[in-house]
Amino acid sequence: MSGLDRFALARHFRAAYGTSPHRFQVGRRLARAQDMIAAGVSLSETAAAAGFADQSHLTRHFAARFGLTPGRWAALSRQ
């Protein structure tokens, strides 16, 4: 649609948003997951709704990005 190959499109995306398309997408999914966890949705339902393959996939990305697990974050956000 854009007339660019995938590498040129990725370069333009990085220039505009400061990150790769994949990292941007994962970040958006994690933001949605944080909102759902704060609303009290279970972690397995959150993982599926946010676009992760399973709960462990969510946990792996969540811990890498924020430094704590989704369960720990949920406990801290409810206090």
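**Close-ups of a predicted model**

Phe24 is partly exposed, with a relative accessible area of 32%. Keep that ring in mind as you go through the views below, and remember that this is a predicted model.

**View 1. A cluster of three aromatic rings.**
Which residues do ring pairs link into a cluster here? They are Phe13, Tyr17 and Phe24. Searching the whole structure turns up five aromatic pairs. Take Phe13 and Tyr17 to start with: their ring centres sit 4.6 Å apart and their planes meet at 35°, so this pair is tilted. Why tilted rather than stacked? Stacked pairs have planes under 30 degrees apart, and the 35° between Phe13 and Tyr17 isn't under that cut-off, so the pair gets the label tilted. Now step from Tyr17 to Phe24: here the centres are 5.2 Å apart and the planes are at 45°, so this pair is tilted too.

**View 2. Helix H1 and its end.**
Phe13 and Tyr17 both belong to helix H1, which covers residues 6-17. They're four residues apart, or about one turn of the helix. Is Tyr17 buried or exposed? Tyr17 is exposed, at a relative accessible area of 52%; the cut-off for exposed is over 50%, so Tyr17 passes it. You can check the length of H1 yourself: at 1.5 Å a residue, its 12 residues should span 16 Å, and the end C-alpha atoms are indeed 16 Å apart, so the two agree. After H1 comes Gly18, with a positive phi near 75°.

**View 3. Helix H2 and what covers it.**
Try the length check again on H2. Its 18 residues should span 26 Å at 1.5 Å a residue, and the end C-alpha atoms are 26 Å apart, which agrees. Which residues of H2 are buried? The list is Val26, Gly27, Leu30, Ala33, Gln34, Met36 and Ile37. Helix H3 (43-50), H4 and helix H5 (70-78) are among what covers them. Just past H2, look for Gly40, which takes a positive phi of about 95°.

**View 4. Where H2 crosses H4.**
Helix H2 (residues 21-38) packs against helix H4 (residues 55-66) at an angle of about 100°, and their axes are 11 Å apart. That makes H2 roughly perpendicular to H4. H2 brings Arg23, Val26, Gly27, Leu30, Ala33, Gln34 and Ile37 to the contact, while H4 brings Leu58, His61, Phe62, Arg65 and Phe66. What kinds of residue make up this contact? Seven are nonpolar, three are polar and two are charged.

**View 5. Gly27 on the H2 side.**
Gly27 sits in helix H2. It has a relative accessible area of 18%, so it counts as buried; the cut-off for buried is under 20%. Now find Phe62: along the sequence Gly27 and Phe62 are 35 residues apart, yet their C-alpha atoms are 9.2 Å apart in space.

**View 6. His61 on the H4 side.**
His61 is part of helix H4. Its relative accessibility is 24%, so it counts as partly exposed. Which residues does His61 touch, leaving out those up to four places away in sequence? They are Val26, Leu30 and Phe52. Arg29 is worth finding as well: its C-alpha atom is 9.8 Å from that of His61, although the two residues are 32 apart along the chain.

Methods
Residues numbered from 1 in each chain as written. Predicted model: local features only at pLDDT ≥ 70, side-chain atom pairs only at ≥ 80, totals over all residues. Heavy atoms only, no water. Phe/Tyr/Trp six-rings, centres within 6.5 Å; stacked < 30°, edge-to-face > 60°. Helix = DSSP H or I, 4+ residues; strand = E, 2+ residues; numbered from the N terminus. Buried < 20%, exposed > 50% of the residue type's maximum accessible area, 1.4 Å probe, protein only. Axes fitted to C-alpha atoms, helices over the stretch in contact; angles between N-to-C directions. Parallel < 35°, antiparallel > 145°, perpendicular 65-115°, else oblique. Contact = heavy atoms within 4.5 Å. Nonpolar A, V, L, I, M, F, W, Y, C, P; charged D, E, K, R; others polar. Expected span 1.5 Å × (residues − 1).
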